[in-house]
Structure formats: C-alpha cells, structure tokens
Amino acid sequence: MAQPDKTAARYLLSDLDPLPYPRRMREIAESARDFAGRGALRSVLEELESGGPYERGVAIVLACAGGDAEWTGARIADPDPFVRGHALRVAESHGVPDAAFEAALDDAPEVVRRQLLRAIVAGRRTALADRVIGPLRSEWGDGEAARLLPGCSDPVVERLLPGLFHAVRGWRPLVKRHAGVLLDVAARELGALPEALRDGWWQRYAKGIAAAADSEPVRVLDLLDRFAPSAFPHQLRSRLGVLADAAPGRLLTILAGPWGWPLRRSGALTTSVLRKLARSGAPELLTYARTVADDSADLARLMLAHAPVERAAVHARAVEGRGAGFVDVDGVLLGALPRSAVADEARRMAARAKERGGHWSSVLLAESFLPCAEVRERLVAATRRPAADDRAEAWPLLVRNAARSGETAQVTAVLEEMTRLANEQDPVRSAALSALAETRPALFGAEAEPFLDRISADAVAARDSSHGTRGSLSRLAVAVLREHAAGGQRELVNWALRTLVRISGNTGGADLGRLDHTLRRGQEHAVFEALRPWIEAGAEKADYSLAFALARAVGRRAAGMRELQELLWQAIRFGSNATVSRAIDLWLDPPATRDERVARVLAQEPSTGVLSPVHSVLCARRTDLLDQLLSGTPPYGRFLTKGAAWTVPADALQIRRWLPRQQEALARQLAHAASDAGLPQWDRAAAIARGAGIPGAGDELVRRWTGSSDTVLAEAALGALAHVTRPGDALPELLAHAGVNGRGSRCTRRRGRHGMSRRPGSRRCCGRSCAAPARR
C-alpha cells in the first residue's frame with residue numbers, strides 16, 4: 001500500500017511535463033482531490049517536499065487544492081516566496097489557526113514578518129492582532145506595530161494610535177476599519193496643539209484624514225472647521241467629490257472663502273464636482289456664483305454645470321446689481337448660455353460695444369451668437385475684408401455661428417462659402433479649417449460632401465499648405481469617419497478616407513478612437529462593411545493600416561468579426577516585418593483563442609518567438625512550446641538576425657511556471673551571455689541580474705560572478721544576491737566582499753535587504769552591525 005503512494009509523485013510529475021501551465025494547474029487540482037479522496041495526499045506531499053523548488057511548488061499547490069490545512073499552515077513562513085505566497089493565500093479558507101501565525105512571527109525575517117502581518121490584517125484576526133502588537137512593538141519598533149494596527153480592535157487602536165501616528169504609512173487599511181477612531185484621535189491631537197503648530201500637523205497627517213473622508217466626510221469637514229490650517233490641505237483636493245456628495249452647502253462655503261481661488265486654480269474643482277454642487281440646489285450656490293462673477297471663466301464653468309434651462313437664471317442672479325464692467329463682449333460667458341437665452345445677451349453686449357466705440361471684431365464676436373439669418377450677411381462680409389488678419393478673425397466666427405445653430409443646412413451653406421479659401425493665404429485658411437474641425441461631425445450631411453471634397457483638395461494642393469492646415473483637415477476627416485462609419489453615410493466615409501490618403505499617402509492615420517464605447521452591439525459589422533472597399537484595396541497592396549485601425553477601435557468586439565480576423569492572419573502571412581509585428585499583436589488580443597493562435601504564429605515563423613506579444617504568451621501560458629526557444633541555438637530567422645545574441649526575456653514570476661529543465665536551459669543561456677566578452681558590459685551585467693529569478697540554477701550563476709575582477713559584473717552579481725530564492729542565506733557571502741576593490745559602500749547598502757530576508761537568530765551570528773535595520 002505504501003509503495004504506490006511513494007511513486008505517485010513521480011507519476012504525477014511525468015504527467016505534468018508535456019502540459020502548458022494552465023492545464024498543468026488543472027491537472028494538479030484534479031490529482032489533489034483524487035489523492036485526498038484515497039488518503040494518499042500527505043505521502044505524495046512528503047515525497048515532493050524532498051525535491052527542488054519546482055517539486056516543492058507542485059507540493060504546495062497540491063496541498064492548497066487538496067485542503068491540507070496542517071501542511072499549508074506549516075509553510076506560511078517558508079523561505080521560498082512561491083510556497084509562502086500560496087500558503088498565505090489559502091490560510092483563511094483552510095482555517096489555519098492563530099497559533100501557527102504566532103509561532104511563525106516568533107523568528108521570521110523582516111520580509112516574511114511583513115507578509116504575515118498583512119495576512120493577519122486581511123484575515124481579520126483581531127484577537128491575534130491585539131495579543132501580539134505589544135510584544136511586536138517592543139521587539140521591532142513602532143513601524144512594525146503600525147502595520148498591524150489596522151487588524152486590532154477599536155479599543156486597542158484608540159489606546160495605541162496616539163503613540164503610533166508618526167509611524168503609520170498605509171492609511172487606507174486603518175481607515176477602512178477605524179475611520180471614526182482615527183478622527184477622534186486627530187481631533188484630540190489638534191486640540192492639544194497651539195494654533196501656530198497646526199499647519200505642521202496637517203502637512204504630516206492630512207493624507208490619513210483624506211483617506212477617512214470616503215467613509216466620514218462630514219466629520220472631516222468638522223475637523224477642517226474647528227482646526228482650519230492656513231491653506232486647504234492638498235491631500236484633500238481629490239476628495240472634493242466625496243465632500244460635495246455629503247455636504248454640498250459646506251463645500252460651497254469653503255469655495256466662496258479664502259480657499260476658493262487656490263482650489264479653482266489647482267484643477268481640483270473638476271466638472272464632475274461642479275455638477276454635483278449644481279444638482280444639489282444648495283442655497284450657498286448663489287453666494288458662490290456671486291463670488292466668481294468677476295471671473296468669466298469660473299462663472300461659465302458653473303453655468304455649464306447646470307442644466308441648459310437653468311443657465312440664464314444662474315447668470316442673471318450672479319451679475320445682479322453689478323455694473324457693466326470693463327469688458328464689453330465676453331465670448332466665454334456667451335458660449336455658456338443656451339441658444340434660447342444667448343441672443344438677448346449678445347445684442348446687449350454688441351450694443352454696449354458700439355456705444356463705447358469698440359473694435360469691429362468685438363462687435364462681430366457678440367453678433368456671431370445671434371441667429372444665422374440675422375447675422376449671416378455681416379459675417380460673410382467680414383470674410384471679404386481686405387486685410388488677411390481680419391479675414392482670419394472673421395472666418396472662425398462664421399463657422400462657429402453655423403455650428404451653434406445645430407442645423408445641417410446652415411453648416412452646408414458655410415461650406416459652400418468656404419470654397420473661396422482656394423485663393424486664400426494659408427493663415428486665413430488654417431484659421432477657418434481649425435474652426436471647422438471643432439464642428440460636431442453629425443452636422444455634416446451627404447449634401448456637404450462635394451464642398452468638403454473641394455475644400456480639402458484645394459487645401460492640400462496649395463503651395464503654402466502648412467502643418468497646421470493639414471492637421472486640422474486630418475482631425476476633421478477622422479471625426480467624420482468615426483461619426484458616419486456606422487450610420488450609412490457612405491459619401492462622407494469615402495471623403496474622409498480620401499482626405500487621409502491625400503494628406504499622408506495612406507489610411508494609416510485613421511485613428512477611429514474607441515468605437516466599442518460608442519457603437520451599439522453589432523454596429524461594428526456595419527462599420528466594417530462601410531470600410532470594406534478601402535480595407536480590401538489596401539490589402540491588395542499589402543497595406544493593412546485601416547484594418548489595424550478598425551481592430552484597435554472595436555477592441556474586444558474584433559474577436560467576433562470573422563472577416564477582420566482573416567485579414568489579420570493574412571497580414572501575418574504576407575505583410576512586411578513591421579506589419580507582421582502589429583498584426584500579431586492584434587490577432588493574439590482575444591484571450592479565448594490566444595493560446596491556440598500563438599502556436600500557429602510560431603509554426604508559421606519560429607523567429608516570431610522574439611516578438612513581445614508571442615514570447616509573453618509562451619513564457620506565461622504556453623510553456624509547452626518554450627523548448628524551441630530554449631534550445632542551444634536561438635530561433636534565427638526573419639525577426640532575429642543569424643548570429644545575434646538573444647535570451648528569452650522572461651521575468652521571475654513567469655520563470656517560476658516553467659519546468660526544471662526549462663529553467664536550467666535559461667540559466668545556460670544567461671550564463672553564455674554573461675561570459676560573452678563580445679557583448680556590451682551592460683548586457684552581460686543584465687544577464688547576471690536576471691539569473692537571480694531562476695530558482696536553484698540561477699543562484700549558482702549569480703554566485704559565479706561575485707568574485708569577478710570586472711567591477712561592473714561583480715557589482716551586478718552582488719546586487720542580484722538580494723533577489724535569489726533565499727537572499728538571507730547570501731548575507732555572509734555579501735559581507736565577505738565588503739571592502740574588496742572599493743565595493744564596501746555598495747555591499748553595505750545591500751546588506752539591509754539581505755538582512756530583511758534572514759531570520760533574526762541567524763543574523764545575530766554576524767554581529768549587531770550586520771543586521772538590517774536596527775530595532776526601534
């Protein structure tokens with residue numbers, strides 16, 4: 001009976017060998033349940049425990065899946081971070097007792113101790129936290145006690161927080177459970193301080209008060225009222241929305257006071273905050289509106305935060321009883337008024353400007369807010385003035401006047417007028433097109449297409465056509481394309497694509513934005529049909545840029561567009577190197593098919609393994625395909641020049657998912673790179689540093705270079721010792737190199753990290769001066 005159990009581990013490892021990582025994990029979970037059902041789980045675990053890092057990793061996953069609480073509880077302070085991490089993640093679900101945590105804390109290295117403290121807090125082990133925080137503080141100081149404080153009960157937090165206020169670094173865990181206690185202690189501390197010292201307190205601890213605002217906003221406002229600093233704490237600026245939800249009137253009072261102007265200039269008073277305040281209907285809104293009435297930009301923002309029907313009344317109340325002021329025409333305020341109310345105010349401003357002898361452009365600016373029929377002739381006449389500067393000022397007024405009307409016919413009429421720009425100077429043309437690019441693309445109808453086509457053709461063909469002019473045309477074309485690609489306006493779609501081709505020679509500049517955020521489900525197929533002639537015409541010339549733009553724009557919906565996916569695969573097979581790289585990135589985007597598709601890409605061209613979208617999937621998921629990248633010869637081919645030095649660019653988390661033979665193969669690759677004198681020194685040092693992420697084999701690679709005569713390589717190895725599987729064991733070796741070839745100061749700096757990973761008892765053998773950080 002015992003013999004099959006002893007060999008079950010070897011059978012399991014053999015079954016896992018050919019599987020990719022996700023299937024390997026599923027196989028481990030199924031085997032764990034089977035072993036547990038047969039009562040053989042513990043014997044399999046014991047056999048695996050005697051192996052290397054990979055076998056021990058399989059053992060901890062088996063124990064977690066099989067529900068062996070005793071096994072996982074005994075490894076919550078394991079030196080191997082992979083094993084320790086899995087044990088801590090299931091500690092709560094497995095019911096690991098408090099005694100296991102208490103015993104683990106007794107002699108844990110600093111790195112492990114901090115993970116244990118986080119687990120105690122996250123697991124809400126309040127009784128354990130209350131019991132150990134005293135001894136922990138006595139032994140390791142206020143900083144460690146502050147880490148455990150969020151897990152304690154309210155009475156303990158209230159008793160200890162005044163003495164630990166200075167040591168708290170992570171406020172969110174504390175306020176999540178003890179926001180009220182924190183604010184009580186803060187009020188007592190502020191009350192005990194003289195007024196001159198309160199600013200310093202706010203500078204140090206406002207971050208904690210800001211964190212408490214999410215759950216206790218009214219009490220935070222009380223604290224600001226009672227113990228106000230000289231300036232509004234910048235840490236609280238991001239919480240204005242929370243304060244506006246809880247007490248809009250009180251926040252408006254703050255904004256109308258001395259703190260208001262700095263807050264408005266800081267950008268903290270966002271549009272969303274203003275909308276919350278406007279919707280509240282608080283009586284303090286009138287006071288605030290009158291406070292900002294002298295600043296048209298701030299008053300306009302407040303008006304725009306209200307519903308359109310309320311904006312005129314807000315403006316009237318804000319300026320009630322005030323004089324005319326120095327500015328005759330305020331375009332910012334006029335722009336904030338709704339169409340139903342703007343005409344009267346525009347006439348009043350225009351009349352006042354005329355009375356004061358204002359410049360023609362000021363009068364025309366006010367009149368441009370009048371209805372199109374009333375002012376069109378004067379605006380058109382201004383675009384014919386003899387001075388180019390005057391025309392450059394008039395054209396945007398004409399374009400915006402038509403855009404404000406919201407009528408397609410008015411916009412089309414202005415486009416017909418703009419055909420005169422063919423004979424204009426570029427500064428005039430650029431100003432007009434810049435205003436046109438700001439026009440809502442929904443206002444362009446099919447009847448506008450001939451005028452748009454003539455305007456764009458003339459602008460691009462002009463000898464003095466500038467970068468600004470072409471940029472405005474490009475923005476206009478892209479906006480029209482986004483708006484009408486799914487709406488059936490084929491003429492406008494064709495114009496937009498023709499314009500992009502005129503500007504850049506291809507459709508690669510077609511940034512369609514995030515269509516998946518604006519289109520209804522299924523409309524992406526209509527967009528594809530609208531763009532199909534251009535996409536297929538480009539594909540015939542190996543230009544897939546428009547297909548790429550569409551795939552990016554529809555996001556995850558691209559996975560359901562079969563013909564688009566076929567085009568991406570066609571680009572991978574027949575495109576240039578740059579095209580293939582972009583196509584692979586988009587083709588591998590759907591998670592459901594990524595694992596299968598990466599195998600097809602690799603079979604098509606093995607050297608694609610050096611591309612980031614491919615090797616990131618191979619290293620993290622399709623580990624069964626890694627061997628061809630880890631063989632003695634790199635995958636030379638289309639994307640890797642023959643003879644070029646290359647190693648698989650995997651990080652430590654990915655490497656931990658590999659089989660032992662794959663880890664050893666990577667260690668050989670890195671060792672070869674580190675020994676290659678023909679490589680730049682930086683590349684050799686990087687290879688040594690990466691070796692620390694390989695369990696077992698990487699430790700030997702790093703240690704091989706700690707005594708190198710090359711200072712750069714030796715320092716890279718000494719630094720990498722802090723990241724090996726068990727960095728605490730490397731502390732004596734690090735100390736042995738202190739003072740060698742000028743490395744003493746660098747070794748001293750790294751000593752702390754090694755000491756953090758070494759058990760306190762084993763550090764004492766090196767002397768008090770060797771132990772990282774001193775207690776208290």
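## Salt bridges

In this predicted model, the salt bridges add up to 53. Take aspartate 98 and arginine 125, whose closest N and O atoms sit 2.6 Å apart. That pair ties together distant parts of the chain, 27 residues apart: aspartate 98 belongs to helix H7 (residues 98–106), while arginine 125 is in the loop between helix H8 (110–122) and helix H9 (126–140). Aspartate 98 is partly exposed at 25% relative accessible area, but arginine 125 comes in at 8% and counts as buried.

Helix H7 also has glutamate 102, which reaches across 29 residues to arginine 131 in helix H9. Here the closest N and O atoms are 3.2 Å apart. Glutamate 102 is partly exposed, at 32%, and so is arginine 131, at 40%. There's a network of salt bridges too, linking Glu110, Arg113, Arg114, Glu144 and Arg147.

## Helix H18 and its surroundings

Which residues of helix H18 are buried? They are Val273, Leu274, Leu277 and Ala278, in a helix that runs over residues 271–280. Looking down the axis of H18, these buried residues fall within an arc of 135°, so they line one face of the helix. Their cover includes helices H15 (240–246), H16 (248–255), H19 (284–291) and H20 (296–305).

H15 turns up again in a salt bridge: lysine 276 of H18 pairs with aspartate 245 of H15, 31 residues apart, with the closest N and O atoms at 3.1 Å. Lysine 276 is partly exposed at 25%, whereas aspartate 245 is exposed at 53%. Right after H18 comes glycine 281, with a positive phi near 65°.

Notes
Residues are numbered from 1 along each chain as its sequence is written. This is a predicted model: local features need pLDDT of at least 70, side-chain atom pairs count only at pLDDT 80 or more; totals for chains, interfaces and linings use all residues. Side-chain values use heavy atoms; hydrogens and water are left out. Buried means under 20% relative accessible area, exposed over 50%, partly exposed in between (1.4 Å probe, protein chains only). Helices (H or I, at least four residues) and strands (E, at least two) are DSSP runs, numbered from the N terminus. The arc is that of the directions from the helix axis to the C-beta atoms. Contact means heavy atoms within 4.5 Å. A salt bridge is a side-chain nitrogen of Lys or Arg within 4 Å of a carboxyl oxygen of Asp or Glu.
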